[in-house]
Amino acid sequence: MTTPSREDIIGAAANGGLIDLIFKDSWRYDTAPFSQSLIDAHNAKEIDLRALLPLLEPSRSTGNEWYLGTEILLPALSSLATSCADLLELIAGAIPYDDPMLSHSSYAVIVNWCQASQERLVELLHLIKSGAPLTQRFHCVQACISAGLKSDAEFYLGQALELLHNGDAPQRAQAARALCNLSAEVPQAAHHVSAKGSDLCHQVSANLDRNNQGSPCSRRRGNRAASDSSRRSSLEVCFLRPPHSLF
């Protein structure tokens with residue numbers, strides 16, 4: 001597999017064919033290098049990725065083409081110098097309908113964008129607290145807590161616990177899932193809560209259970225419940241052990 005040249009990308013953009021290059025021909029190219037080439041061309045002002053969005057006709061690509069294309073386009077969005085609200089609008093333009101298969105991709109875009117600076121994390125947190133609709137669609141609470149714990153463990157742990165207590169149902173579930181990955185991703189943050197291990201495990205488990213109750217029975221929901229059970233087990237192992245053994 002190859003990567004389209006800079007000239008190919010610029011020429012496709014000039015002729016209105018960049019969407020086809022990304023989506024129709026995506027199977028020809030390596031995903032990560034293609035995405036980086038788009039970023040480089042955009043940063044050099046040779047193309048404008050914003051001009052591609054919103055995607056007007058997602059149905060014109062087959063399922064496989066659509067997913068391969070989004071795996072190229074979405075990571076490029078995380079490198080744009082833009083506001084958080086604008087980023088979420090751009091992601092919504094790239095995923096014009098709710099698709100659980102792409103939720104992990106949008107989550108990764110937001111996390112990567114946030115990791116560029118503390119200011120971006122604060123901006124996302126403010127959007128979450130203001131109730132911006134797209135922050136729930138794209139799992140922004142989980143992204144914010146996960147990225148924030150790597151930057152300022154104590155502060156974002158406090159934000160996670162506040163959301164566990166006072167957030168709405170989706171926010172509580174996302175905060176719980178972010179904390180379930182806490183010990184593996186950020187051991188220093190796990191140290192902050194090791195003394196509260198039993199209580200925290202109870203809070204997280206209660207929120208995950210509450211999120212899974214009363215839901216329609218489906219394979220996807222069943223898989224989520226099984227995944228949440230696994231997360232709870234991992235959390236119990238890590239947070240109920242002595243603090244010195246977390247490292």
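# Chat about a predicted helical model

Author: Let's open with α11: 10 of its 12 residues are buried, so this helix is largely enclosed by the rest of the structure. Keep in mind that we're looking at a predicted model.

Reader: OK, which residues in α11 are buried?

Author: The buried ones are Q171, R172, A173, Q174, A175, A176, R177, A178, L179 and C180.

Reader: And how far does α11 reach from its first C-alpha to its last?

Author: It covers residues 169–180 and reaches 17 Å, close to the 16 Å expected at 1.5 Å a residue.

Reader: What caps its N-terminal end?

Author: That's D168: one of its side-chain oxygens sits 3.0 Å from the backbone nitrogen of Q171. Q171 is also on the list of buried residues in α11.

Reader: Let's go to α10. What's its span like, and which of its residues are buried?

Author: α10 has 14 residues and reaches 20 Å from first C-alpha to last, close to the expected 20 Å. Its buried residues are A153, Y156, L157, Q159, A160, L161, L163 and L164.

Reader: Switching to charges. How many salt bridges are there?

Author: The count comes to four salt bridges. One of them pairs E162 with K129, at 3.9 Å from N to O. This pair links distant parts of the chain, with E162 in helix α10 (residues 153–166) and K129 in helix α7 (residues 118–130), 33 residues apart.

Reader: Are those two side chains buried or exposed, or something in between?

Author: In between: E162 is partly exposed at 36% relative accessible area, and K129 is partly exposed at 48%.

Reader: What does E46 pair with?

Author: E46 forms a salt bridge with R6, and the closest N and O atoms are 2.5 Å apart. Here too the pair links distant parts of the chain: R6 is in helix α1 (residues 6–14), E46 is in the loop between α3 (31–43) and α4 (63–77), and they're 40 residues apart. As for accessibility, E46 is partly exposed at 35% and R6 is partly exposed at 34%.

Reader: And R28, what does its side chain meet?

Author: It meets D25 in a salt bridge, 3.9 Å from N to O. R28 is partly exposed, with a relative accessible area of 42%, and D25 is partly exposed at 24%.

Reader: New topic, cysteines. How many disulfides does the structure hold?

Author: Zero. Take C84: the nearest cysteine sulfur belongs to C114 and is 5.9 Å away, and C84 is in no disulfide. The cut-off for a disulfide is sulfur atoms within 2.5 Å, so a pair at that separation doesn't count.

Reader: What about C140?

Author: C140 is in no disulfide either; its nearest cysteine sulfur, that of C84, is 6.1 Å away. C140 is buried, with a relative accessible area of 0%, and C84 counts as buried at 1%.

Reader: Now the core. How many residues does the largest nonpolar one have?

Author: It has 63 residues, and those with the most contacts inside it are L38, L77 and I91. As a general point, nonpolar side chains in soluble globular proteins tend to be buried together.

Reader: Let's pick L77. Where is it found, and what does it touch?

Author: L77 is found in helix α4, and at 0% relative accessibility it counts as buried. Leaving aside neighbours within four places in sequence, L77 is in contact with L53, L87, L90, I91, A94 and V109. I91 is also one of the residues with the most contacts inside the core.

Reader: How far apart are L77 and V109?

Author: They're 32 residues apart in sequence, and 6.9 Å apart in space from C-alpha to C-alpha.

Reader: Last one: S146. Which helix is it found in, and is it buried or exposed?

Author: S146 is found in helix α9 (residues 140–151), and it's buried, with a relative accessible area of 4%.

Reader: So what does its side chain make polar contact with?

Author: A polar contact of 3.1 Å joins the side chains of S146 and Y107. On top of that, a polar atom of the S146 side chain lies 2.8 Å from the backbone oxygen of Q142.

Definitions and conventions: Residues are numbered from 1 along each chain as its sequence is written. This is a predicted model: local features need pLDDT of at least 70, side-chain atom pairs count only at pLDDT 80 or more; totals for chains, interfaces and linings use all residues. Side-chain values use heavy atoms; hydrogens and water are left out. Helices (H or I, at least four residues) and strands (E, at least two) are DSSP runs, numbered from the N terminus. Buried means under 20% relative accessible area, exposed over 50%, partly exposed in between (1.4 Å probe, protein chains only). The expected span of a helix is 1.5 Å times one less than its number of residues. A polar contact is a pair of N or O atoms within 3.5 Å; within protein, one must be able to donate a hydrogen and the other to accept it, and residues adjacent in sequence count only if both atoms are side-chain atoms. A nonpolar core is a set of buried Ala, Val, Leu, Ile, Met, Phe, Trp, Tyr and Cys residues joined through side-chain atoms within 4.5 Å. Contact means heavy atoms within 4.5 Å.
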